[in-house]
Amino acid sequence: MTHWLPDLKAGTGPLYVRIADAAETAIKTGALADGAKLPPHRDLAYDLKVTIGTITRAYALLRERGLVSGEVGRGTYVQGGRRDASPAGDPLTSAYGGTRALVPPSGKLRFDTTAAVDVGQAEIIGRVMMEIATEHPSEISSYTRTISPDWAEAGRRWLAQGGWAPDPETVLPQLGVHAGVNAVMAAVTGPGDRLVCEHLTYSQVARSATLMGRRIVLADMDEQGVLPEDFERVCAREHPKAAFIMTSGQNPTTSCLPLSRRKDIIDIARRHNVWLIEDYLYGGMIADGIPTLAELAPDRTFILNGLSKSVAAGVRGAWVACPPHMAQRVRLTQKLVSGGLPFLLAELSARLVLSGAAEEIRDRVLTELAEREAAARRLLAGQEFRSHPRLPFLWLKLQEPWLSGTFKQAALDQNVLIDDEDEFKAARTDRVFHHVRIGFSEGRDRQISLGGLETIGRILHQAPSGEGAVI
């Protein structure tokens, strides 16, 4: 075993990233030779005065970078040959990449994705694309300069909930919900402005905001969603310009914000002049009947929904409904942030919705999700988790002594990719939830997905195997 102790004074970011970066530098410069055994997790944690979980995540990150390998009971070893000396890690990747590998390892079951289940939609989509190419060859070969009324009407229908639907004049097609949120942020905030997020959320939005120079502030949450009293505190102290909230089918917790809280959030936002950005991508799948923020406060809310989770992620069509007089601003920022909207994407998304094909595909996807969610309940009986028959993921609570990062690594050792809780933390926080998110929409073969759930169940009944279990 090599005696190696990293210097953590250099670098920025979380401790586990700095440890991994220091190890990468040592490997590339030859300070850690090929085949060298890294210190056991417990020993290095003691020497650095950090938790074993921090070392666990650092070693896991090194494996994702292809720098080390190991087996249970043997430890962690440098692999891959000496590399030319270079700066330790890319700071941009380290700061904004999250806890997923930028390029997922091959041969793994992808329980870290929630894309729409493959129910054969490619045939329908292919047929519609052929129709568009035949009917609109000149539009396909040119740039999109106008928005068809059909595109707005399709968005109006897809965003509609219950008896409410937005004014089509306020609806704009987008390059996916994430890109739409970026366009909205660019429209209503500037560099240095603050964006409120829940402690756990679709954190890639928060990373995008930080990359654009916005600052993230966190509002506390419980099992029902964001807490209005803490949202009030954040608004009073931090003076944010906007808040990003997933009101129904919250990712990753599955929570649905009660109507009373929605009204409280709106009242607080009005008093403090805060724009509301409502991500309804999963909410549209649940269709829980609770009025959206956009229905209750159309003057203050941007609501977004799209096709990626319920129809086809490869199409990535989406729409945003804006407050009155804000659509033109968002149309401009969408073009500046993303480069513009492809005609084929907008026309395909609209035709899928207006023809009824999108709804047909969504019904098939939701039926398959219900079957998989029911199977998850059987296979994980006795475990504590939150799920919904119309959602493609569950939020699993880990029992002692599992940590989120160590459980993620244990699943990876069994060729299953899942997400630890840190993937969903919008900013640095002291809160620890001891949960992982498990998606189960990958692949057309339900039996493969069920096999992955069985693997998760087996791991849950095992104890973490100490230092050798990390890699």
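Me: Let's start with Thr247: in the loop between which two elements does Thr247 lie?
Reply: Happy to help, and bear in mind that this is a predicted model. One of the flanking elements is a strand covering 242–245, and the other is a helix covering 259–272. Thr247 therefore sits in the loop between β9 and α11.

Me: Is Thr247 buried or exposed?
Reply: Its relative accessibility comes to 1%. Buried means under 20%, so at 1% Thr247 counts as buried.

Me: With which side chain does the side chain of Thr247 make a polar contact?
Reply: Leaving aside neighbours within four places in sequence, Thr247 is in contact with several residues, including Ser255, Arg262, Asp279 and Tyr280. Glu278 and Leu293 are also among them. The polar contact between side chains, at 2.7 Å, is with Glu278.

Me: Now to Thr114. Where is Thr114 placed, and is it buried or exposed?
Reply: Thr114 is in the loop between β3 (109–110) and α5. Its relative accessible area is 3%, and the cut-off for buried is under 20%. Thr114 is therefore buried.

Me: Which side chains make polar contacts with the side chain of Thr114?
Reply: Beyond four places in sequence, Thr114 has contacts that include Pro392, Phe393, Arg437, Gly439 and Ser441. A polar contact of 3.1 Å joins its side chain to that of Lys309. At 2.7 Å there is a polar contact with the side chain of Tyr282. The names you want are Lys309 and Tyr282.

Me: How many Å apart in space are Thr114 and Thr54?
Reply: In sequence, 60 residues separate Thr114 and Thr54. In space, going from C-alpha to C-alpha, they are 27 Å apart.

Me: Phe393 turned up among the contacts of Thr114. In which strand does Phe393 lie, and is it buried or exposed?
Reply: Phe393 belongs to the strand made of residues 393–397, which is β14. The relative accessible area of Phe393 is 0%. With buried set at under 20%, Phe393 is buried.

Me: How many Å lie between Phe393 and Gly439, C-alpha to C-alpha?
Reply: Phe393 touches Thr114, Tyr282, Arg437, Ile438, Gly439 and Phe440, among others, not counting residues up to four places away in sequence. Phe393 and Gly439 are 46 residues apart in sequence. From C-alpha to C-alpha, their separation in space is 4.0 Å.

Me: On to helix pairs. Which word describes how α5 lies to α15?
Reply: Helix α5 (residues 121–135) packs on helix α15 (residues 343–354) with axes 10 Å apart and an angle of about 120 degrees. That angle makes α5 oblique to α15.

Me: Is the crossing of α5 and α15 left-handed or right-handed, and how many residues of the contact are nonpolar?
Reply: The crossing of these two helices, α5 and α15, is right-handed. From α5, residues including Ile124, Val128 and Ile132 take part, and from α15, residues including Phe343, Leu348 and Arg351. The contact of α5 with α15 has four charged residues and no polar ones, and its nonpolar residues number nine.

Me: What about α8 and α9: which residues of α9 meet α8?
Reply: Helix α8 (residues 177–188) and helix α9 (residues 203–211) have axes 10 Å apart, at an angle of about 40 degrees. That makes α8 oblique to α9, and their crossing is right-handed. On the α8 side are His178, Val181, Asn182 and Met185; on the α9 side they meet Gln204, Val205, Ser208 and Ala209.

Me: How many charged residues are in the contact of α3 with α17?
Reply: Helix α3 (residues 52–64) packs with α17 at about 35 degrees, with axes 9 Å apart, and the crossing is left-handed. Arg57 and Arg63 of α3 take part, as do Lys408 and Asp413 of α17, among others. One residue of the contact is nonpolar and four are polar, while the charged ones number five.

Me: Which residue's backbone oxygen lies 2.9 Å from a polar atom of the side chain of Thr406?
Reply: Thr406 is found in helix α17 and, at a relative accessible area of 15%, is buried. The backbone oxygen 2.9 Å from its side chain belongs to Leu403.

Terms used:
Residues numbered from 1 in each chain as written. Predicted model: local features only at pLDDT ≥ 70, side-chain atom pairs only at ≥ 80, totals over all residues. Heavy atoms only, no water. Axes fitted to C-alpha atoms, helices over the stretch in contact; angles between N-to-C directions. Helix = DSSP H or I, 4+ residues; strand = E, 2+ residues; numbered from the N terminus. Parallel < 35°, antiparallel > 145°, perpendicular 65-115°, else oblique. Left-handed = near helix turned anticlockwise from the far one by under 90°. Contact = heavy atoms within 4.5 Å. Nonpolar A, V, L, I, M, F, W, Y, C, P; charged D, E, K, R; others polar. Buried < 20%, exposed > 50% of the residue type's maximum accessible area, 1.4 Å probe, protein only. Polar contact = N/O pair within 3.5 Å; in protein donor to acceptor, adjacent residues only side chain to side chain.
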